[in-house]
Amino acid sequence: MMNEMARTREFVADRSTWPADHPRVNYGRIGVLLLNLGTPDGTSYWPMRRYLHEFLSDRRVIEEPRWKWWPILNLLILSTRPTSKGKDYDTIWNKELDEGPLKTITRNQANSLSERLAGHPEVIVDWAMRYANPSTESRLRYLQEQGCEKILLVPLYPQYAAATSATACDQAFRALMKMRWQPAVRVAPRYHDDPVYIEAVAKSIETHLEGLDFKPEKLIATFHGMPEKYLEKGDPYHCQCQKTSRLLRERLDWPKDNWLTTFQSRFGNDPWLQPYTDETVERLAKEGVKNLTLVAPGFSADCLETLEELEGENREIFEEHGGEKFSYVPALNDSEAGIAVIEGVVRRELMGWV
């Protein structure tokens, strides 16, 4: 058996034994694939409809029975929501590159990471989106064509959730099922309590506050929400968000009474994780809080939910109900600190491969 295995390895390594017309097969490289949520290809009706259809058809995102959800999605939501959401995306759209900011930032993150790993020429860094383009399958095939026999998948979500990290991996695994010669695959785990990540977010908050002409009376750490029933089914996301928030508050030595943890972007009629960000912002303004700052530690890159919802909608809510000064701390994005976090995760998970 061992002799047969040795002969097999020798055949793969020695191309001189292959027929002259055998297609070229690259090998010996390692791929790193950064995975993020996705962004529509455009803000008009049809690109938005395609994106929303793919996103809201994901059974990890919407866990309702298909017989119940299909008519709601196709007859109601996709008839009106593409237009309204397209207008929202248009307010944050990167007009120069004609793409959403999430795509711009994720590309920059991959390019910067590639530069930091230049000392390992066998490593190729790429990026993909769970929904829309560039697709996970297309980039996995690209990495394989470049000779990547080992691939590290890196979901860019500090806190694990089935609707984010798991579905990103699901999509990658579906692509792998189509491959005759599969690469070896690793998945980077959540990093919600990684000291490098906590320090990077904490410093970004400190830098942001130093640039303000006011001191916030309250600071809200807001995370993307999910239905409460997902937590009840065992999803660890809520607990990891709470730990991230606590570690940040302790690192900043911020008073407990002036630090809040909330959840945003709820959708539908089911109860979601609470307290809700928008309702909390409104309540604080009505209670007389004049200066407020929000930070969204769960987002590795700014996108619709931060730029339009937090920076835009929640600012309006705060000011309309008596608040005066409002600020949002940008995500780590492709900053030096942000890339250092991703690099730390990647280098740790590549141990034994490089």
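**View 1. Helix 11 lies across four strands of a predicted model.** Helix 11 covers residues 304-320 and crosses strand 5, strand 6, strand 7 (291-295) and strand 8. Its direction is about 165 degrees to strand 8. Axes are lines fitted to C-alpha atoms, for helices over the stretch in contact (heavy atoms within 4.5 Å), and angles run from 0 to 180 degrees between N-to-C directions. Helices (H or I, at least four residues) and strands (E, at least two) are DSSP runs, numbered from the N terminus.

**View 2. Helix 11 has a kink and buried residues.** The kink is about 30 degrees and centres on Leu310. The bend at a residue is the angle between axes fitted to the seven residues ending there and the seven starting there. Leu310 is also buried (under 20% relative accessible area, 1.4 Å probe, protein chains only). Other buried residues of helix 11 include Leu304, Ile317 and Phe318. The buried residues pack against helix 3 (66-90) and helix 10 (277-286), among others. After helix 11 comes Gly322, with a positive phi near 110 degrees.

**View 3. Four strands make an open, parallel sheet.** Their order is 6-5-7-8. Strands pair if DSSP finds at least two bridges between them. Strand 6 (259-264) and strand 8 (325-329) each have a single partner strand, so one side of each lacks a neighbour in the sheet.

**View 4. Strand 5 joins strand 6.** 6 bridges link strand 5 (residues 218-224) to strand 6. Leu219 has Trp259 as its bridge partner.

Residues are numbered from 1 along each chain as its sequence is written. Local features need pLDDT of at least 70, side-chain atom pairs count only at pLDDT 80 or more, totals for chains, interfaces and linings use all residues, and side-chain values use heavy atoms, without hydrogens and water.

Methods
Buried < 20%, exposed > 50% of the residue type's maximum accessible area, 1.4 Å probe, protein only.
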